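Here is a protein chain to explore, a few residues and helices at a time. Keep the 3D view open and turn it as you read.

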Amino acid sequence: MRHNFAVARAHARAAGGAAAVWAVVKANAYGHGLRRAMAAFPEADGLAVVEFDMAARLRDWGGSGRILMLEGAFDRHDVAQALDSGLDLVVHHDEQLAWLAEAGSDRTVRVWLKFNSGMNRLGFVGEAFRRAHATLSAAPAVAAIGLMTHFANSDLPGGAEEALARFAEATRGIDGPRSLANSAALIDLPHVRADAVRPGVMLYGGSPFADRSAASLGLRAAMTLESRVIAVQDLVPGDAVGYGSTFRAERPMRIGVVACGYADGYPRHAPSGTPVAVDGVLTRTVGRVAMDMLMVDLTPVPSGGVGSRVELWGETVPVDAVAAAAGTIGYELMCALAPRVAVRAED
Ligand SMILES: *Cc1c(COP(=O)(O)O)cnc(C)c1O
């Protein structure tokens, strides 16, 4: 995670840039552990989360830097917490404006006014954006106003251009720091680094691009999901494997039964053929993933057997490759790591 942060920082500084780097640590740091992330990113200019209880924990643990609430306040109580704890709030709808406007001036917050640049999830457009800015400017509790948007398509070539043009048009003539870039934009689009960038998945060694590996971006896997072979079966041609008998042996083969399943966060949708490594050797899964187990082809690993180490994802098997096989993205697999998995931190 430290290595990946340095990669993000290098992108932010490329060509003389000086964008602040906010490390996105929402969703338990994409499954990596919030506390661990806080320790790994001491050089971040701020941390960004969605959950107010997690912001409280960061403060409890001594985190005194800036914390950005990516979806802003969910109710008045959150505004009070932001005032008490010095959190930066995204502002994306009228109720949030009203909660801020009615707060007194004894304590202040920094806010980031969100522009809806085409994703149509959060944010204001057109005149509403300018009105919201005027309301915030008049609110005694608001100390500073940043301008922010989030791209729908920055992972696709040219995908951010229209959103960028809309943002430039909407914010023309308005002062304040600008924040636009997620991982994909930070890596690919030097002209959108602006004043603050918000990398998430790249910090954990995931690629934001469907067609480029994390390794090709200089990133390293932060999470390794590993288990062991707990049983071996010798199959004869025609033998089936697992629920639904979705895999049948065409020739004699040895398979390993691995203690890992969808209750651990391994995707049930991963079909036969999903990459996996046994004792460091690349092979494939066979049969349907079950709650507690999945099966692997031991043909390329003749020495493999009970006790063999199995890497479900990590340095040898990119999480993005497993995700692609299962029809999803690495982000989802990282975030879905289940509570029952024992986590061991390594330096
Ligand atoms: C999650 C999130 C990010 C980080 O996106 P990545 O693709 O993981 O880099 C950035 N900005 C906002 C608003 C987000 O919600």
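Where is the place of Leu-87? Leu-87 sits in the loop between H5 and S4. Keep in mind that you're looking at a predicted model.

**Leu-87 and its surroundings**

Is Leu-87 buried or exposed? Leu-87 has a relative accessibility of 1%, so it counts as buried; the cut-off for buried is under 20%. Leaving aside neighbours within four places in sequence, the contacts of Leu-87 include Phe-52, Ala-55, Arg-59, Ile-67 and Met-69. Val-109 and Arg-110 are also among them. Now look for Thr-108: it is 21 residues from Leu-87 along the chain, and the C-alpha atoms of the two are separated by 9.6 Å.

Another contact of Leu-87 is Gln-81, which lies in helix H5, residues 76–85. Gln-81 counts as buried because its relative accessibility is 16%. With neighbours within four places left out, Gln-81 touches Phe-52, Ala-55, Ala-56, Gly-86 and Leu-87. Phe-52 and Ala-55 turn up in the list for Leu-87 too, so try displaying them together with Gln-81.

**Leu-100 in helix H6**

Next, go to helix H6, where you'll find Leu-100. Leu-100 counts as buried because its relative accessibility is 1%. Beyond neighbours within four places in sequence, Leu-100 is in contact with Val-79, Leu-89, Val-91, Val-109, Val-111, Leu-136, Ala-139, Ala-141 and Val-142. Leu-180, by contrast, is 80 residues from Leu-100 along the chain, and their C-alpha atoms are separated by 23 Å.

**Two helices with a buried side**

Leu-136, one of the contacts of Leu-100, takes us to helix H7. How far apart are the end C-alpha atoms of H7? They are 19 Å apart, which agrees with the 18 Å that its 13 residues (126–138) should span at 1.5 Å a residue.

The buried residues of H7 are Phe-129, Ala-132, His-133 and Leu-136. They lie on the same side of H7, because they cover an arc of only 100° around the axis. Here's a handy rule for reading that pattern: an α-helix has 3.6 residues a turn, so residues three or four places apart point the same way. Turn to the other side of H7 and you'll see Glu-127, Arg-131 and Ala-138, which are exposed. What covers the buried residues of H7? The cover includes strands S4 (88–91), S5 (109–115) and S6 (142–149), along with helices H6 (94–101) and H8 (161–171).

Helix H8 has its own buried residues: Ala-163, Leu-164, Phe-167, Ala-170 and Thr-171. Seen down the axis of H8, they fall within an arc of 130°, so they line one face of the helix. Their cover includes S5, H7, S6 and strand S7 (178–179). After H8 comes Gly-173, with a positive phi near 80°.

**Positive phi without glycine**

Which residues have a positive phi although they are not glycines? Ala-27 and Asn-120 are two to look up. Here they are in a small table.

| Residue | Phi | Place | Relative accessibility |
|---|---|---|---|
| Ala-27 | about 50° | helix H2 (residues 26–30) | 33%, partly exposed |
| Asn-120 | about 55° | loop between S5 and H7 | 60%, exposed |

**Zooming out**

Now pull back to see the chain as a whole. How many helices and strands does the chain have? There are eleven helices and 16 strands. The C-alpha trace spans about 75 × 40 × 35 Å along its principal axes. Of the 347 residues in the chain, 50% are buried.

Contacts in the chain often link distant parts of the sequence: among those between residues at least 6 apart, 61% join residues at least 24 apart. As for the surface, the chain exposes about 15800 Å², and carbon and sulfur atoms supply 51% of that area. Finally, try colouring the charges. The chain has 33 positive and 37 negative ones, and the mean positions of the two sets are 2 Å apart.

Technical notes:
Residues are numbered from 1 along each chain as its sequence is written. This is a predicted model: local features need pLDDT of at least 70, side-chain atom pairs count only at pLDDT 80 or more; totals for chains, interfaces and linings use all residues. Side-chain values use heavy atoms; hydrogens and water are left out. Helices (H or I, at least four residues) and strands (E, at least two) are DSSP runs, numbered from the N terminus. The expected span of a helix is 1.5 Å times one less than its number of residues. Buried means under 20% relative accessible area, exposed over 50%, partly exposed in between (1.4 Å probe, protein chains only). The arc is that of the directions from the helix axis to the C-beta atoms. Contact means heavy atoms within 4.5 Å. Accessible areas come from the Shrake-Rupley method with a 1.4 Å probe; for residues, only the protein chains shown count as cover. Lys and Arg count as positive and Asp and Glu as negative; His and the chain ends are not counted. The place of a charge is taken as NZ of Lys, CZ of Arg, CG of Asp or CD of Glu.
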